[in-house]
Amino acid sequence: MLLRRRPLLFGAAAALGAGCATKPAPPAAGPPPLWPAPPEQPRFVFEATLRNALSVRDDSPDARLRRLLAGEEDSRASFGKPLAVAAGRGRVYVTDTEGRRVFVFDLPRRRTFSFGLRLEGELKKPAGIALDGAGFVHVIDATARRVVVFDGLGLFQRAIDGSKDWVRPTAIAVSRAGDRVYVVDTGGVGSDSHRVFRYDGEGRALGPIGRRGEAPGDFNLPTDAAVAPDGSLWVLDAGNFRVQAFEPDGRVRHHFGSAGTAVGQFARPRGLAVDRDGLVYVSDASFCNLQVFQPDGAVLLAIGSRAQDRDAPGRYLLPAKLATDETGRVYVVDQALHKVEVLRRLSDEEGLRLQREAS
């Protein structure tokens, strides 16, 4: 069930107004932050921060004893500069533009690993990343201008060559069935290639969507995309300060958003995700938060604020790409703070309980 509108709009205004333009008080130690904060009914809660192998290490007494007896040292493997994230089946995949690889948090097994460093699957500059319903990992290599497809463990499967068509590929979206692959070509200030390229599951071209412009269906510096549960394509049209929705065949459905600092507007939008219920999430590097919308564009709330004196849950400096998974969790990349935050969407029962406890 979608979130109710009226109780959340006040919380959205308060959270947006407390974004990058103002300095929030340092967070006190205690329970994890909630959004919106009581006395309103909370809808989201901070759950975890992922930075390196220590973030998922098993610290149970038995595990510590096993490491001691085996003489194992704690791994501190991590990403260099995170950009995009995808999550599913207990794994969180992060593109590392500095390390030229995909860094993976395998949460059920409490381990990390990397891929994209060898042979035909070697990545030069991994950018956008997306999963299909079968768990295959689709990665945009911005320098090589190709899509590289891996299985969930990082074994190379196939590639789509876009070197003759794409100018500046930055993001990718894939349908759950894997039969539609969408590549976002951001182009650039001096380029007219501001489009989304469509492919079938075998990598055959189906024709581009859009052109440079401001009319519905046109783009100006598109930066991200996601496929909704109903198969529709959602594109973050950053230079036009809006989100556009398309049918799978490329016909424009509708759009929302405008430039500004009010609730529901965008100043420097960077990432886009759509969850299992169709809610739309947009990160903004100027507000240092993410805003949550209904599919019709009605804003529900804002999550996060600017990190000033120190890093803390829900505090951001350069939020980038977003992702959601099948459990409803939301993943937020912060490039400046070198972290991926995990936010959990609360059930109505949980939210009402937390609201009562705070009253």
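Start by selecting residues 137-141, which make up strand S8: 5 of its 5 residues are buried, so the strand is largely enclosed by the rest of the structure. Keep in mind as you click around that this is a predicted model.

**Stop 1: strand S8 and its neighbours**

Turn on the side chains of S8. Val 137, Val 139 and Asp 141 point one way, His 138 and Ile 140 point the other, and all are buried. That fits a general pattern: in a regular strand the side chains alternate between the two faces of the sheet.

Now add residues 126-131, strand S7. S7 runs antiparallel to S8, and 4 bridges join the two. To see how the strands line up, pick Leu 131, which stands opposite Val 137 in S8. Follow the chain through the hairpin of S7 and S8: there are 5 residues between the strands, and Gly 135 takes a positive phi near 90°.

Next, bring in strand S9, residues 146-150. S8 and S9 pair in the antiparallel sense too, over 5 bridges. Here the pair to pick is Val 139 and Val 148, the latter in S9, which stand opposite each other. S8 and S9 also form a hairpin, with 4 residues between them. Which residue in that turn has a positive phi? Click on Arg 145, where phi is about 55°.

**Stop 2: the sheet S3-S4-S5-S6**

Move back along the chain and select S3, S4, S5 and S6. These 4 strands form an open sheet in that order, with antiparallel pairing. S3 and S6 (111-115) stand at the edges with a single partner strand each, so one side of each is left without a neighbour in the sheet. Neighbouring strands of this sheet are turned by 20° against each other on average, direction ignored.

Zoom in on S5 and S6, which pair in the antiparallel sense over 5 bridges. Phe 105 is a handy marker there, standing opposite Thr 112 in S6.

While you're in this sheet, show the side chains of Arg 91 and Asp 106. They form a salt bridge, with the closest N and O atoms 3.3 Å apart. This pair links distant parts of the chain: Arg 91 is in strand S4 (residues 91-96) and Asp 106 is in strand S5 (residues 101-106), 15 residues apart. Are these two buried or exposed? Both Arg 91 and Asp 106 are buried.

**Stop 3: more salt bridges**

Side chains of opposite charge can pair when their charged atoms come close. The structure holds 20 salt bridges, and a few more deserve a click.

Select Lys 339 and Glu 341, whose side chains meet at 2.8 Å, N to O. Why does Lys 339 count as buried? The cut-off is under 20% relative accessible area, and Lys 339 has 1%. Glu 341 counts as buried as well, at 0%.

For another setting, go to helix H3, residues 348-358. Arg 353 and Glu 357 both lie in this helix, 4 residues apart, about one turn of the helix. They form a salt bridge too, the closest N and O atoms being 3.1 Å apart. Arg 353 is partly exposed, with a relative accessible area of 36%, while Glu 357 is exposed, at 53%.

Before leaving, select Glu 47, Arg 329, Arg 344 and Glu 350 together: these four are linked in a network of salt bridges.

**Stop 4: the largest pocket**

Switch on a surface view for this one. About 840 Å³ of space lies in the largest pocket. Of the 38 residues lining the pocket, the closest to its centre are Leu 131, Val 174, Val 227, Val 274 and Thr 324. You've already met Leu 131, opposite Val 137 in S8.

Which strands should you colour to see the lining? S3 (82-88), S7, S11 (169-174), S15 (222-227), S19 (269-274) and S25 (319-324) each supply at least two residues. Colour the lining by residue type and you get 21 nonpolar, 8 polar and 9 charged.

**Stop 5: the sheet S19-S20-S21-S22**

From the pocket, follow S19 into its sheet. Here 4 strands form an open sheet in the order S19-S20-S21-S22, with antiparallel pairing. The edge strands are S19 and S22 (299-303), each pairing on one side only. On average, neighbouring strands of this sheet are turned by 20° against each other, direction ignored.

Finish on S19 and S20 (residues 280-284), which pair in the antiparallel sense over 5 bridges. Your last pick is Ala 273, which stands opposite Tyr 281 in S20.

How values were computed: Residues numbered from 1 in each chain as written. Predicted model: local features only at pLDDT ≥ 70, side-chain atom pairs only at ≥ 80, totals over all residues. Heavy atoms only, no water. Buried < 20%, exposed > 50% of the residue type's maximum accessible area, 1.4 Å probe, protein only. Pairing = 2+ DSSP bridges. 1 Å grid on protein atoms, 1.4 Å probe; cavity = no way out; pocket = protein on both sides within 12 Å on 5 of 7 lines; lining within 4 Å. Points joined across faces, edges and corners; volume = space filled by probe spheres on them. Nonpolar A, V, L, I, M, F, W, Y, C, P; charged D, E, K, R; others polar. Axes fitted to C-alpha atoms, helices over the stretch in contact; angles between N-to-C directions.
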